[in-house]
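Subject: Handing over a structure

Dear colleague,

I am passing on the structure below, and after it you will find what came out of going through two of its chains.

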Amino acid sequence: MFQFSPAEITVNAGDRVTIELVATDVVHGFSLDGYDFNLTAEPGQTVSKTFVADHSGSFRFRCSVACGNLHPFMIGKLQVGQNSLFLRAIALGILAVAAGMWTLHSSARKASKPTEPIGMSAG
Amino acid sequence: MMNRVDLTRFPTIRSLLRSRWPQFLIRAITLAGFVFTILAGLLGSAVGSHNFSIIFVWIAWWTALKLFFIPFGGRSWCSICPIPMPGEWLQNGGILQPKGKGIGLNLRWPKFLRGDWLQAGGFMMIGLFSAVTLTSPLVTALVLLGIIVLSLVLSLVFERRAFCNYLCPIGGFTGLYAQAGPVEVRVKDSSVCAAHSEKTCYTACPWGQYPLALKSSTACGLCMECLRVCPKDNIAVNLRPWGSDLGPKTKHRLDETFLGLVMLASALIDSAVFLGPWGELKSAAYAIGSGSWWVFAGAFLLLTLVILPGLFGLAVWAGQKLSGVKESLGKAMAQQGQVLVPLGMMAWIAFTVSFAFTKFGYVLPVVSDPLGNGWNFLGTAAAGVGQETSTSLFLQVGLLALGLFWATRVAGRITGSKNPGKQSAPLIAFSALFTLAMAWLLVG
Amino acid sequence: MNKETLARILVIVLVAAAAAIPLAGYFLTPILGVKTIELHARMAENGGWSLDTIQAVVGQPVHLRLTSDDVMHSFAIGKSDQAPIDIVPGEVVETTLNFDKPGTYTFYCTHWCGANHWRMRGTIEVSGPGPASTKEPQPLFLKLGLDVDMVIPAEVTPAALPSSGHGAQFASLLPAYATAQETYLTSSPAQLWQRLRAEPGLASVSDTDLWDAVAFAWLSQTSPEKLAAAQKLYSTNCAACHGEAGKGDGVMVRGLPVIDYQNHQAMAEQRVRPPDFTDPKNLLGTSPALLEGKMIRGGMGTGMPYWGPIFTQQQLGELVSYIYTFVLK
């Protein structure tokens, strides 16, 4: 079915998390981005492992055993504490818009500044 | 021009471009690679991760296209693409250079089929069926085979590179994003062209362009034929600043805007389907022909044809209302579609980073065992599962922010009204909304 | 030679070389090597094994190239010591089989690959001189003429799950037949309890304690090592449907309704979950011979596979004992 259930998990930073992997159709795996954590489960054989969620952010977990066509896209999300990267992305976006407008504004001003008259005397 | 560097000023580069051999050799290799990829897909393992065709088309080549060819070379892939070659060789009556005695009807492409519409539609089709295409070596092989056969057939009926110009889904967005790319082919001195009546360059151009009057890099495939045949050595290959074809004075059409919107919608949908945690969405996208797939297709088309164009049109209209500019909405949408170029290009680069870095570990193993046959040419070990590192995530955020910054600047520059701030504000808001959605899908 | 000809030759050579590699791989690999058979493993829904039958001759090695076209599979041979060979999707694993006795062997998969996993089977027909593999004795359920489709709820049940450890203290009180293998094989635990209840020597033992004694008698037929071996077989082959704790709630059957013995109509019309082995009513009325028969022949109008060609007599015996431990502790 290429789906993790639940597909989105939220925990607090620092929590001890135990994953109980139950394979419901074929052999599946569980590999967590950003953590050294890997599990494999066969249908009928639940496996369990614990880790400490000491990095905060949003981490994808993926199936690590080839389980069919959509295997590379069998993905879920683990949210540990705050997703500071996403918040920073929003801030960076606001900054980007501001910077875009400001650099445009200043180059427009530069273009319309009158040039200094050149003094010249002859005689 | 102050901000152009003519590469043909450097003798080595000039002779490499003028000689037909370097480009021909590269093309012969890409053609051989294309044939190899089709056969690997047809004959090799059905498991995508262990088949050369899937890994090389959708990971290796796609990454090279999005991360290097387009941002650093504009439409540079087209200069070495093997797809038009067999047809062009027949048209030209020769492989190394045109002999003039080719076969083909050489008909003109029908007027009503011109523009980017078909290419946008083609890219939409790929998106609709992408869940299967990207995971099935057989389907990928058949798509590639179909494309090269189609290109060949079209070359025998129509003049020049009909497939590349009007049908190739890749060519559509490569051309569009080439407007922001840092490479262009232009004449050095237009007065030389004015004095030259024969216009050899136009006859030689397989893209049907007038090099002497080339203003936009969209339809120039960097094939260098004009450079080779110009008797006055009047063609330059310039390095230029990014975004040079975008501005208040350049001409743009509504079909470009439509293609730009299709690209944005596809970036959102592909990110959701392939990177999101929604298994039902993925299964729906995969089960082609089933009820759930029709729902998926409906939502896909709704977003691509109605919602996104609607929001964009609303932004353009709001800008006009806020600034009091009087202009037809269609014309304004065509002109302001330029904003979608840097926005879409950076979004696609970011999306490519999100999956390419994790899957790149499959490339060496699949070179070692292209068919999943148990071979081991290079002795490279089996691939691990790969994961997104924090570097990859930061990079994606940075790329999206850069796209928004760039889009903001383009929006401000192109409106050309007395009140660029007021007119471009809704458009900037649209860009920001899109960027927020992409950021949430990729790193949220 | 002029440049055009050179260019044409280059294109032809490069394209031919590029085409030759996959074509060679596809057509030549099966031919090379001594009697190499390419076998693709696929889920039953995708066609199962690419070959239903493999022919072999006694004394001649059979070289197999195994690959999977979809999910994790493995190649195992029933009633043999051959360890299962993992088949990873997209990768090729090679193995050589040797047979010294003629006969029919069943090959199967040991990694659950969907609900129809157990249907992934094929046969190896080994011909040649020599006596056939020693014929196994006829299964008890056939000898006794038991109807494998029978469901016999226990006539009497304990209040709680009996404990064999507690029952050990009554060992000296038990008559000889209580711990005899023949009794064990042909009686259900409930039947043994009823026979013991009628024994005057055990009149002072309470009903509950008598159940503990039955549990002790039952488990004296096996050993911790045998139970451990059986537990491995159970978790690989049975737990996906029967549940890791024997409750009949395994992952493969979660979409099915629970058995309702009162509603025969419903049971006839659709698949139901396996019975809950931890419920005393279910197993305690079934004799080992009947249980073994169900395992050997399967069917019974349910999705229960037939394990006859896969498990040896000894493995079946050990599994039967293990299954009783869901209800007799």
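Two residues are taken to be in contact if their C-beta atoms, placed from the backbone, lie within 7 Å. Please keep in mind throughout that this is a predicted model.

With that meaning of contact, and looking at contacts in chain C between residues at least 6 apart in sequence, 71% join residues at least 24 apart. Chain C holds twelve helices and eight strands, and 38% of its 329 residues count as buried. As for its overall form, the C-alpha atoms of chain C fill a box of roughly 110 × 50 × 35 Å along the principal axes, and the radius of gyration of chain C is 27 Å, where a compact globule of 329 residues would have one near 20 Å.

Turning to chain B, the domain assignment gives domain 1 (5-178) and domain 2 (254-443), and the C-alpha centres of these two domains of chain B lie 22 Å apart. Where they meet, 35 residues of domain 1 of chain B are in contact with 35 residues of domain 2 of chain B. On the domain 1 side, the elements of chain B that give two or more residues are helix 2 (21-43), helix 3 (52-73), helix 6 (117-128), helix 7 (130-133) and helix 10 (169-178), and helix 3 of chain B gives the most, with ten residues. Sorted by class, that side of domain 1 of chain B, touching domain 2 of chain B, has 22 nonpolar, eleven polar and two charged residues.

With best regards

Conventions: Residues numbered from 1 in each chain as written. Chains lettered and ligands numbered in written order. Predicted model: local features only at pLDDT ≥ 70, side-chain atom pairs only at ≥ 80, totals over all residues. Domains from an automatic or database assignment. Helix = DSSP H or I, 4+ residues; strand = E, 2+ residues; numbered from the N terminus. Nonpolar A, V, L, I, M, F, W, Y, C, P; charged D, E, K, R; others polar. Rg over C-alpha atoms; globule rule 2.2 N^0.38 Å. Buried ≥ 20, exposed ≤ 12 C-beta atoms within 10 Å, placed from the backbone.
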